[in-house]
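Subject: Structure handover

Hello,

Here is the structure I said I would pass on. My notes on it come after the file.

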Amino acid sequence: MPTTAHTKPLVLANWKMNLSVQESVVLARNLAAAYSKLKLKEHLELVLCPTFPALAPVAEVLKRQSVCLGAQDVFWKPVGPYTGEVSARVLKELGVTHVIIGHSERRQFLKESDAMVQQKVLATLAEGITPVLCVGETFSERQTGQKYLVIARQVASALAGVTLTSGLGLVIAYEPVWVIGSGQAVETHEAQETALVIRHTLLDVFSESTIARQVRIIYGGSVDPVNIGNFVGRGLLAGVLVGGASLEAKRFTNLMKKL
Ligand code: PGA
């Protein structure tokens with residue numbers, strides 16, 4: 001059963017803080033060329049998420065390409081005295097179509113709370129940008145049987161007060177924290193089961209038809225060219241969020257070619 005009316009899987013490359021501006025531009029150029037040459041557009045939607053200062057130059061590379069631009073974070077106010085922050089308004093101006101929100105690295109290192117994540121989701125949707133809401137349990141939460149409670153709480157609190165008017169999109173990325181960057185993804189059935197829990201929680205917020213048309217559930221955490229097939233198109237899973245395996249053009253192109 002597909003999660004959504006979207007027919008093609010969604011693939012997001014999360015480059016985190018791994019690349020310089022120049023390296024981001026070169027990688028974007030190589031990936032856009034491969035995407036076009038191999039006609040990958042027929043098989044998947046691609047979103048590249050560089051570090052903030054690389055957004056504008058990467059946007060320039062992606063001009064006239066069908067590859068989308070994503071940001072790795074956003075602030076929840078549209079404008080004002082918030083030193084160091086970046087608004088959804090400015091991201092929109094740069095051509096950003098997707099924003100990763102609530103990534104576990106931000107929850108862990110920047111102490112982002114569920115309330116902050118919810119404000120960011122609202123601010124992003126207000127600009128017509130698609131939030132990529134990251135949820136996932138830590139290893140100890142999983143070991144102590146709290147996994148599904150944690151995920152349901154993260155989803156419900158992030159979406160409190162959110163309405164999805166037509167034309168808006170929302171992506172929920174299930175990213176088990178203990179698996180990110182480990183080189184060892186979870187088993188397919190675990191990702192599928194978690195997607196079901198996420199969908200169940202979504203039904204408390206949105207109608208079935210809104211979910212079908214406007215929401216996608218994807219998996220992230222040590223996805224690579226070998227295991228990608230275990231996730232995309234399996235059960236409710238409609239795409240992937242890729243970190244490490246998206247940092248090198250050849251490897252990431254191999255991953256995309258599997259779809
Ligand atoms: P990984 O990162 O693919 O390197 O595990 C995924 C993510 O953190 O989004």
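The notes below cover the ligand, a charged patch and two loop residues.

This is a predicted model, in which local features need pLDDT of at least 70 and side-chain atom pairs count only at pLDDT 80 or more, while totals for chains, interfaces and linings use all residues. Residues are numbered from 1 along each chain as its sequence is written, and side-chain values use heavy atoms, with hydrogens and water left out.

Ligand. The residues around the ligand (a heavy atom within 4 Å of it) are N14, K16, H103, E175, I180, G181, G221, S222, L241, V242, G243 and G244. Polar contacts here are pairs of N or O atoms within 3.5 Å. The side chain of K16 has an N or O atom 2.7 Å from a ligand oxygen, and for the side chain of N14 that distance is 3.5 Å. A polar backbone atom of G243 lies 2.8 Å from an oxygen of the ligand. Taken alone, the ligand exposes 280 Å² (Shrake-Rupley method, 1.4 Å probe), and the protein buries 95% of that.

Charged patch. K37, K250, K257 and K258 form a patch of positive charge on the surface. Patch members have over 30% relative accessible area and no salt bridge (a side-chain nitrogen of Lys or Arg within 4 Å of a carboxyl oxygen of Asp or Glu), and like charges are joined within 9 Å. The charge of Lys is placed at NZ. K257 belongs to helix α10, residues 249–257 (a DSSP run of H or I, at least four residues).

Loops. K39, in the loop between α1 (21–37) and β2 (45–49), is not a glycine but has a positive phi of about 55°. R64, in the loop between α2 (55–62) and β3 (68–71), is also not a glycine and has a positive phi of about 65°. The strands are DSSP runs of E, at least two residues.

Regards

How values were computed
Patches are made of residues with over 30% relative accessible area and no salt bridge: like charges are joined within 9 Å, nonpolar side chains (Val, Leu, Ile, Met, Phe, Trp, Tyr) within 5 Å. Lys and Arg count as positive and Asp and Glu as negative; His and the chain ends are not counted. A polar contact is a pair of N or O atoms within 3.5 Å; within protein, one must be able to donate a hydrogen and the other to accept it, and residues adjacent in sequence count only if both atoms are side-chain atoms.
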